[in-house]
Amino acid sequence: MIKDLALEQVVGDHHALGTSITLQIFGTQNRDLLQKSFDLIDHYEDIFTVNRDESEVMDINHAAGEHPVQVSSAVYGLVKLAVEKSRENFGFNALIGPVVKLWHIGFKGAHVPKDEEIKDRMLLTDPFKVVLNDSDQSVFLKMKGMELDLGGIAKGWIADRIRDLWRAYGVEAGIINLGGNILLVGDSPKRISGQWSIGVQDPKQPRGDNITSVMVPECSAVTSGTYERYLVVNGKKYHHLIDPRTGYPVKTDLAGVTTFTKTSVEAEIECKRLFFAGKPLKGWHDNPDRIGAIFVYNDEHIEYDNFDD
């Protein structure tokens, strides 16, 4: 029997973070919390964005090579997490911006840069050249031209903050969808088991066409893939996921990987770890916060890590 929660719901759409956002709250018809959620998303975009000239992160970038910049707790905490993960050198790097801009894949002016250009830009991507000062929450990029970009994990972090807000207001079930970055809140009201059904994008079909689906408990689902932005030069395809260890698009047989973890920021991070690994990692889901992963390869075969296929 479907829970009563499923009988009443509110749904709202919003555009922020460069994407289409949909929020769905079960068990209410009051839209006030949707607006509070959109206001919170807009606030975080204002302080994290690098797509405008002014934000707290851009203050850090403008001061690169010159002086440290003191920032708010939210920005400092996310910068610190991003830099620490970048130093692990598994493929995620919050300093990769100068190299990504050189390729510009998915945008006007995309091209294959010269080796020397890539090597020069790679000098600006060293996460060990970021000075983090916990005592005054300041960040210093040691070289002029260095850039922080939190785009690789900010959506996940923001989704987790929206869930915090909903829990504070007593929401029992809902779906946070930040442009395909999904965070499921509570038990599904549509199934006695409380499990949610999540589809995994078919990399060769339009967005929304799934190649498979799984049943999961409350968790976040995030996908990294090569199929949405790419450049073709002389018959060779270059996708937009640049390997910060080489400066070139990562060589992989993967079309995409979807991770399912208890928090959305972890799903963002672990998705990139598994994508750059190119295959399931032994012991990866020994961590109880990691529910599983699905790997879709270019030949369309699928590997399920910690799921029954």
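The exercises below work through the architecture of a single chain in a predicted model, each with a solution in steps.

**Exercise 1. Overall build**

Establish how many helices and strands the chain has, and judge its radius of gyration against the globule rule.

Solution. Counting the secondary structure elements gives 7 helices and 15 strands. The radius of gyration of the chain is 20 Å, which is close to the 19 Å given by the globule rule for 309 residues, so the chain is as compact as a globular protein of that length. Along the principal axes, the C-alpha atoms fill a box of roughly 65 × 50 × 40 Å. Turning to burial, 50% of the 309 residues are buried, and of the contacts between residues at least 6 apart in sequence, 58% join residues at least 24 apart.

**Exercise 2. The sheet of 8 strands**

Give the strand order of the open sheet of 8 strands, and explain which strands stand at its edges and why one side of each is without a neighbour.

Solution. Begin with the order, which is S1-S2-S6-S7-S10-S13-S14-S15, with antiparallel pairing. Strand S1 (9-16) and strand S15 (302-305) each have a single partner strand, and therefore one side of each has no neighbour in the sheet. From one strand to the next, the twist averages 10°. For the pairing at the S1 edge, 8 bridges join S1 to strand S2 (residues 19-26), and the two run antiparallel; within this pair, Gln 9 stands opposite Phe 26 in S2.

The next step is to place the helices that pack on this sheet. Helix H1 (residues 32-48) touches S1, S2 and strand S6 (173-178), and its direction makes about 20° with that of S1. Helix H6 (residues 154-168) touches S2, S6 and strand S7 (181-186), with a direction at about 155° to that of S6.

**Exercise 3. Helix H1**

Compare the length of H1 with the expected span, then work out what covers its buried residues.

Solution. H1 has 17 residues and reaches 25 Å from its first C-alpha to its last, close to the 24 Å expected at 1.5 Å a residue. Taking buried to mean under 20% relative accessible area, one finds among the buried residues of H1 Leu 33, Leu 34, Phe 38, Ile 41 and Phe 48, together with the polar-named positions Ser 37 and Glu 45. Their cover includes strands S1, S2 and S6, as well as helix H2 (56-62), helix H3 (73-87) and H6.

**Exercise 4. The sheet of 3 strands**

Determine the order of the open sheet of 3 strands and describe how its strands are joined.

Solution. The order is S3-S5-S4, with antiparallel pairing. Strand S3 (69-70) and strand S4 (130-133) are the edge strands, and because each has a single partner strand, one side of each is left without a neighbour in the sheet. Between S3 and S5 there are 2 bridges, and Val 69 has Val 139 in S5 as its bridge partner. S4 is joined to S5 by 4 bridges, again running antiparallel, with Val 131 opposite Phe 140 in S5. The hairpin of S4 and S5 has 4 residues between the strands, and in this hairpin Gln 137 takes a positive phi near 55°.

**Exercise 5. Helix H3 and Leu 78**

Decide whether Leu 78 is buried or exposed, and describe the helix in which it lies.

Solution. Leu 78 lies in helix H3. The 15 residues of H3 should span 21 Å at 1.5 Å a residue, and the end C-alpha atoms are 21 Å apart, which agrees. The buried residues of H3 pack against H1, H2, S4, S5 and H6. Leu 78 itself is buried, because its relative accessible area is 0%. Leaving aside residues up to four places away in sequence, Leu 78 touches Phe 48, Leu 150, Ile 153, Ala 154 and Trp 157. Just after H3, Asn 89 takes a positive phi of about 60°.

**Exercise 6. An annotated position**

Locate Gly 152, and state which residues it touches.

Solution. Gly 152 lies in the loop between strand S5 (138-141) and H6. The annotation "binding site" in the unreviewed UniProt entry covers Gly 152. Not counting residues up to four places away in sequence, Gly 152 touches Phe 92, Glu 268 and Lys 272.

Definitions and conventions. Residues numbered from 1 in each chain as written. Predicted model: local features only at pLDDT ≥ 70, side-chain atom pairs only at ≥ 80, totals over all residues. Heavy atoms only, no water. Pairing = 2+ DSSP bridges. Axes fitted to C-alpha atoms, helices over the stretch in contact; angles between N-to-C directions. Contact = heavy atoms within 4.5 Å. Expected span 1.5 Å × (residues − 1). Buried < 20%, exposed > 50% of the residue type's maximum accessible area, 1.4 Å probe, protein only. UniProt positions renumbered as here; feature names shortened; annotations may be inferred. Rg over C-alpha atoms; globule rule 2.2 N^0.38 Å.
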